[in-house]
Amino acid sequence: MTEDLLNQNHETETIVLDQRALANIYEARKWTLFLSVMGFIGVGIFFFIFLAMMFGASFLGGLGALALIPGLLLMAVYVIPIYYLYQFSVVSKSAILTKQSHLMAGAFNYLKRHYRFMGILLIIAIVLNLVVLLGQLAFLGSFLMVL
């Protein structure tokens with residue numbers, strides 16, 4: 001329904017961003033670039049730490065290295081929203097400098113994807129935490145019944 005409303009408004013009206021709005025987006029773009037670059041660096045550092053841990057765990061036995069795979073999987077998943085944030089920064093800069101509205105629409109699409117992905121990750125984290133909490137409560141309850 002929202003998309004129908006947006007399509008109807010798109011045919012009759014346009015949104016024009018003034019210089020102050022563009023300056024605010026340009027400033028936000030600098031911060032999103034900083035955050036995304038720091039995110040890539042952080043994931044890279046953790047990747048090399050995990051490689052070192054996997055290499056060390058391989059001397060102790062194969063199961064130690066397998067225990068580190070979920071961490072690598074989480075790093076791979078977290079690269080996606082960092083990439084979206086980086087693309088927002090790059091494309092919005094290009095849109096502002098060239099004054100092309102279709103580029104700005106693409107930049108906001110990347111920003112939407114970033115926030116949607118982070119929201120889904122948050123929902124998954126909340127559900128997993130609730131499952132763990134309920135499991136701990138069930139274990140505690142069964143432990144207290146034994147006593």
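# Reading a five-helix model

Colleague: Which residues does Tyr86 touch, not counting residues up to four places away in sequence?

Modeller: A contact is counted where heavy atoms come within 4.5 Å. By that rule, and with residues up to four places away in sequence set aside, Tyr86 touches Leu33, Ser36 and Phe40. Tyr86 itself belongs to helix 4, and its C-alpha lies 7.4 Å from that of Val37, although Tyr86 and Val37 are 49 residues apart in sequence.

Colleague: What should I keep in mind about the origin and numbering of the coordinates?

Modeller: This is a predicted model, in which local features need pLDDT of at least 70 and side-chain atom pairs count only at pLDDT 80 or more, while totals for chains, interfaces and linings use all residues. Residues are numbered from 1 along each chain as its sequence is written, and side-chain values use heavy atoms, with hydrogens and water left out.

Colleague: Where among the elements is the mean pLDDT lowest, and where is it highest?

Modeller: The pLDDT is the predictor's confidence in each residue, on a scale from 0 to 100. The protein averages 86, and 84% of the residues score at least 70; among the elements, helix 1 (residues 2-12) has the lowest mean, 59, whereas helix 4 has the highest, 93. Where pLDDT is low, the predicted coordinates should not be read in detail.

Colleague: How many helices and strands does the protein have?

Modeller: Both are DSSP runs numbered from the N terminus, helices being H or I over at least four residues and strands E over at least two. The protein has five helices and zero strands, which gives the pattern α-α-α-α-α along the sequence. Of the contacts in the protein with a separation of 6 or more, 66% join residues 24 or more positions apart.

Colleague: Is Tyr86 buried, partly exposed or exposed, and how do Thr32, Phe50 and His114 read on that scale?

Modeller: Buried means under 20% relative accessible area, exposed over 50%, and partly exposed in between, with a 1.4 Å probe and protein chains only. Tyr86 counts as partly exposed because its relative accessibility is 30%. Thr32, in helix 2, is buried because its relative accessible area is 11%, and beyond four places in sequence Thr32 touches Leu85, Phe88 and Ser89. Phe50, placed in helix 2, is buried at 17%; leaving aside neighbours within four places, Phe50 is in contact with Leu68, Gly71, Leu72 and Met75. His114, found in helix 5 (residues 101-146), counts as buried at 10%, and with the same neighbours left aside His114 is in contact with Pro81, Tyr84 and Leu85. Buried residues make up 20% of the 147 residues in the protein.

Colleague: Which residues form the largest nonpolar core, and which helix gives the most to it?

Modeller: A nonpolar core is a set of buried Ala, Val, Leu, Ile, Met, Phe, Trp, Tyr and Cys residues joined through side-chain atoms within 4.5 Å. The largest has 10 residues: Leu22, Ile25, Leu85, Phe88, Val91, Ala95, Ile96, Met104, Ala107 and Leu111. Helix 2 (19-60), helix 4 (69-98) and helix 5 each give two or more residues to this core, and helix 4 gives the most, with five. A second, separate core of six residues includes Val43, Leu72, Met75 and Ile82.

Colleague: What is notable about the phi of Lys99?

Modeller: Most residues other than glycine have a negative phi, and most peptide bonds are trans. Lys99, although not a glycine, has a positive phi of about 55°; Lys99 is found in the loop between helix 4 and helix 5, where it counts as exposed because its relative accessibility is 68%.

Colleague: Which residues line the second largest pocket?

Modeller: On a 1 Å grid over the protein atoms alone, a pocket is an open set of points where a 1.4 Å probe fits, with protein on both sides within 12 Å along at least five of seven lines, and lining residues have an atom within 4 Å of a point. The lining here consists of Leu74, Val77, Tyr78, Leu121, Leu122, Ile124, Ala125 and Leu128. Helix 4 and helix 5 each supply at least two of these residues, and the largest share, five residues, comes from helix 5.
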